[in-house]
Amino acid sequence: MDDRKQIYHIICFSVLFCSFIYPCLSELCHPQDKKALLQIKKGFNNPHVFSTWDPNTDCCVNWGGAHCDEKNNRIETLEIYFGGGDLSGPIPPEIGDLPYLRILWWHKQPNLTGPIPQSITKLKRLSYLVITWANLSGPIPDFLSEIKSLVSIEFSFNNLTGPIPSSLSRLTNLTGLVLDRNKLTGPIPDSFGEFQGFSFYLKLSHNQLSGKIPASLGKKDFTYVDLSRNKLEGDASVLFGSNKKMTQQVYLSRNLFEFDLSEVEFPKSLIELDLSHNKITGSIPVGLTAVDYLQGLNVSYNRLCGKIPVGGALQGFDYTAYFHNRCLCGSPLMESCK
């Protein structure tokens with residue numbers, strides 16, 4: 001009996017010793033990931049948003065904004081959705097030392113500055129790269145095209161400058177590119193008609209883009225397109241067509257587009273269309289009355305003429321959807337057609 005008691009005490013002591021002296025032996029967190037996270041925390045000068053990142057605890061358990069994969073216990077997500085403005089300075093290069101990271105999603109960090117680091121190309125599993133409402137600067141780097149796993153890129157509300165790299169079209173898994181509200185210049189790359197992702201959304205509004213919409217974009221059936229508030233010109237009708245089955249929302253307002261609307265065929269899938277504040281001529285095509293699910297329309301501040309077709313949803317919009325054109329008439333405008 002004494003021998004049993006002695007063995008029992010030895011076991012108890014061993015368990016307590018391992019638990020308190022060597023807690024790392026029971027951690028789920030991979031030591032490489034933990035080291036990288038602590039270096040990222042240090043690189044940001046120990047921000048409050050990472051206050052739960054305690055080196056004496058398991059990084060897979062209650063490290064705010066860091067999440068481990070349930071199968072391999074590797075860090076797969078870094079997220080700050082609700083802001084707080086706590087991250088300050090450039091993104092530390094150690095961000096590339098998290099080889100299993102799939103989601104990087106940082107939102108509303110206005111003191112997050114500097115360029116997008118090249119070390120991010122080491123993240124071969126990264127699917128979602130989302131850094132919005134921050135203060136990133138410099139160009140959108142060409143090296144992003146090396147991350148073949150990317151599904152979505154979002155850099156809206158930053159201070160990115162320069163042209164959009166055409167190499168992004170080589171990302172065969174990409175289904176969304178959101179670059180609105182930056183200071184981007186130059187044309188929309190011709191290669192953007194080659195995006196292979198299904199149900200693609202493209203948001204480039206509130207920049208300083210110029211030139212014509214590439215004809216190649218006509219090959220792509222974008223679910224969502226927002227090119228508004230740029231300096232784009234020429235014919236935008238390539239974005240439409242009765243053969244398009246996915247196109248739902250198209251926003252082209254406040255550009256310099258100039259084309260004849262009369263012969264444009266609109267997809268039946270269209271839900272919202274904004275062509276306002278351009279130089280579009282012709283008349284509103286009768287075919288627009290056959291777009292059954294149209295919920296939003298604005299063709300104001302153009303050079304349109306003729307009678308607004310009767311039918312469908314067209315009379316259900318406010319007169320402001322049509323006013324300030326050259327000679328549009330008919331309901332809901334007050335001007336009657338002669």
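In this predicted model, Phe50 counts as buried, since its relative accessibility is 2%, and Phe44 is likewise buried, with a relative accessible area of 2%. A search of the whole structure for aromatic pairs returns 13 of them. One of these pairs is formed by the rings of Phe44 and Phe50, whose centres lie 6.5 Å apart and whose planes meet at 50 degrees, so the pair is described as tilted, an angle between the limits of 30 and 60 degrees that separate stacked from edge-to-face arrangements. Trp53 and Trp63 also form an aromatic pair, and here the arrangement is stacked, with 5.7 Å from centre to centre and 15 degrees between the planes. The pair of Trp53 and Trp63 links distant parts of the chain, 10 residues apart, with both Trp53 and Trp63 placed in the loop between helix 2 (31-43) and strand 1 (66-68). Trp53 is buried, with a relative accessible area of 1%, and Trp63 is buried as well, at 2%. Through ring pairs, Phe44, Phe50, Trp53, Trp63 and Trp106 are joined into a cluster.

Several of these residues fall within a segment that is annotated in a sequence record. In an unreviewed entry, UniProt places the feature "domain: Leucine-rich repeat-containing N-terminal plant-type" at residues 30-69. Over residues 30-69 the chain is 32% helix and 8% strand, while the C-alpha atoms at the two ends are 11 Å apart.

Disulfides were considered next. A search of the whole structure finds 4 disulfides, among them the link between Cys29 and Cys59, in which the sulfur atoms are 1.8 Å apart. The disulfide of Cys29 and Cys59 is right-handed, with 85 degrees about the S-S bond. This link connects distant parts of the chain, for Cys29 lies in the loop between helix 1 (2-21) and helix 2, whereas Cys59 lies in the loop between helix 2 and strand 1, 30 residues apart. Cys29 is buried, with a relative accessible area of 5%, and Cys59 counts as buried at a relative accessibility of 0%.

Cys60 and Cys68 form another disulfide, in which the sulfur atoms are 2.0 Å apart. With -85 degrees about the S-S bond, the link of Cys60 and Cys68 is left-handed, and both Cys60 and Cys68 are buried.

A further disulfide is formed by Cys329 and Cys337, whose sulfur atoms are 2.0 Å apart. The torsion about the S-S bond of Cys329 and Cys337 is about 105 degrees, so this disulfide is right-handed. The two cysteines are in unlike surroundings: Cys329 is buried, with a relative accessible area of 12%, whereas Cys337 counts as partly exposed because its relative accessibility of 32% lies between the limits of 20% and 50%. When the bonded cysteines of the chain are numbered in sequence order, the pairing reads 1-2, 3-4, 5-6, 7-8.

Aromatic rings in the model also take part in contacts with charged side chains. Lys108 lies over the face of Trp133, at 5.2 Å from the ring centre. In another contact of this kind, the charged end of Arg125 sits over the ring of Tyr100, 4.0 Å from the centre of that ring.

Note on methods. Residues numbered from 1 in each chain as written. Predicted model: local features only at pLDDT ≥ 70, side-chain atom pairs only at ≥ 80, totals over all residues. Heavy atoms only, no water. UniProt positions renumbered as here; feature names shortened; annotations may be inferred. Helix = DSSP H or I, 4+ residues; strand = E, 2+ residues; numbered from the N terminus. Phe/Tyr/Trp six-rings, centres within 6.5 Å; stacked < 30°, edge-to-face > 60°. Buried < 20%, exposed > 50% of the residue type's maximum accessible area, 1.4 Å probe, protein only. Lys NZ or Arg CZ within 6 Å of the ring centre and 35° of its normal. Disulfide = S-S within 2.5 Å.
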